[in-house]
Amino acid sequence: MENAIIYLRVSTKEQNEELQKNDCIKYCNNHNFNIINIYQERVSAWKENIIRTERDKVIQDAHLGNIQHIVVWAFDRWVRRRDTLIEDVETLMNMGCKLHSVKDAWYESINIDGPLGKTIREFMLGLIGSLAEMESQRRS
């Protein structure tokens with residue numbers, strides 16, 4: 001059984017982490033992941049120079065080799081910037097850790113190794129990241 005961390009993020013008082021949490025726990029159970037921690041924070045992923053201490057802890061756990069999987073409810077819960085999403089996924093993969101999205105299940109079919117997998121992954125993550133950026137700009 002491989003270790004996983006669940007990362008939950010909301011940005012407004014009206015949003016509820018529990019809705020994300022239940023789906024993420026179910027995802028981990030269905031994939032036989034051992035949940036070692038659940039990190040939650042209420043912070044924007046769009047604004048410049050925002051400190052996201054819980055996300056930083058997740059990355060640190062991946063860097064230390066404590067986890068093989070990070071589960072988020074949707075990729076825009078992890079980050080809302082195209083370039084950062086692509087960079088983070090590559091960095092995490094180099095650490096031996098995969099980022100999974102409950103709501104973006106199609107991603108698992110392109111989450112493959114090798115040069116072709118990298119090209120497809122960057123294209124699709126770029127598209128998802130761009131859409132998240134546009135939504136954040138629209139809401140601003």
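**R55 and its surroundings**

Leaving aside residues up to four places away in sequence, R55 touches Y7, E41, W78, T84 and D88. In this predicted model, R55 has its place in helix α2. Its relative accessibility is 10%, and R55 therefore counts as buried, the cut-off being under 20%. The paragraphs below begin with the chain as a whole and then return to R55 and the residues around it.

The chain has 140 residues, of which 43% count as buried. Its secondary structure comes to 5 helices and 4 strands. Read from the N terminus, these elements follow the order β-α-β-α-β-α-α-β-α. Contacts within the chain often bridge long stretches of sequence: of those between residues at least 6 apart, 71% join residues at least 24 apart. The surface that the chain exposes amounts to about 7,700 Å², and carbon and sulfur atoms supply 50% of that area.

Strand β1, residues 2-10, is a suitable place to begin the path through the fold. Is this strand enclosed or open? Of its 9 residues, 7 are buried, so β1 is largely enclosed by the rest of the structure. Strand β1 pairs with strand β2, residues 33-42, in the parallel sense, and 9 bridges connect the two. Within this pairing, A4 has I35 of β2 as its bridge partner. Between these strands comes helix α1, residues 17-30, and β1, α1 and β2 together make a right-handed β-α-β unit. Strand β1 also runs parallel to strand β3, residues 69-72, to which 4 bridges join it. There, the bridge partner of Y7 is V72 of β3.

The loop between α1 and β2 contains N32. Most residues other than glycine have a negative phi. N32, which is not glycine, has a positive phi, near 60°. With a relative accessible area of 47%, N32 is partly exposed, because that class lies between the 20% and 50% cut-offs.

Helix α2 spans residues 53-63, and its buried residues are E54, R55, V58, D61 and A62. Where on the helix do these buried residues lie? Viewed down the axis of α2, they fall within an arc of 115°, so they line one face of the helix. Their cover includes the strands β1, β2 and β3, together with the helices α3 (75-78) and α4 (82-94). After helix α2 comes G65, which has a positive phi near 80°.

Two neighbouring residues of α2 give a fuller view of this face. E54 is placed in helix α2 and is buried, with a relative accessible area of 16%. Beyond residues up to four places away in sequence, E54 touches Y7, Y39, Q40 and E41. R55, as noted at the outset, touches Y7 and E41, and its further contacts are W78, T84 and D88. Y7 is thus a contact of E54 and also of R55.

W78 lies in helix α3 and is buried, with a relative accessible area of 0%. What does W78 touch, apart from residues up to four places away in sequence? Its contacts are Y7, R52, R55, V58, I59, I70, V72, L85, D88, L92 and L99. Two of the residues on this list, R55 and V58, are buried residues of α2. V72 is the residue of β3 that serves as bridge partner of Y7. D88, a contact of W78, is separated from it by 10 residues in sequence and by 9.5 Å from C-alpha to C-alpha.

The final step concerns the aromatic rings, of which the model holds 2 pairs. One of them is formed by Y7 and W78, whose ring centres are 5.4 Å apart and whose planes make an angle of 80°. Why is the pair called edge-to-face? The angle is 80°, and planes over 60 degrees apart count as edge-to-face, so the pair falls in that class. This pair links distant parts of the chain, since Y7 belongs to strand β1 and W78 to helix α3, 71 residues apart. Y7, like its partner, is buried, with a relative accessible area of 0%. The path thereby returns to R55, which touches Y7 and W78.

Notes. Residues are numbered from 1 along each chain as its sequence is written. This is a predicted model: local features need pLDDT of at least 70, side-chain atom pairs count only at pLDDT 80 or more; totals for chains, interfaces and linings use all residues. Side-chain values use heavy atoms; hydrogens and water are left out. Buried means under 20% relative accessible area, exposed over 50%, partly exposed in between (1.4 Å probe, protein chains only). Contact means heavy atoms within 4.5 Å. Accessible areas come from the Shrake-Rupley method with a 1.4 Å probe; for residues, only the protein chains shown count as cover. Two strands pair if DSSP finds at least two bridges between them. A crossover is right-handed if, with the strands pointing away from the viewer, the path from the first strand over the helix to the second runs clockwise. The arc is that of the directions from the helix axis to the C-beta atoms. Rings of Phe, Tyr and Trp (its six-membered ring) pair if their centres lie within 6.5 Å; planes under 30 degrees apart count as stacked, over 60 as edge-to-face and the rest as tilted.
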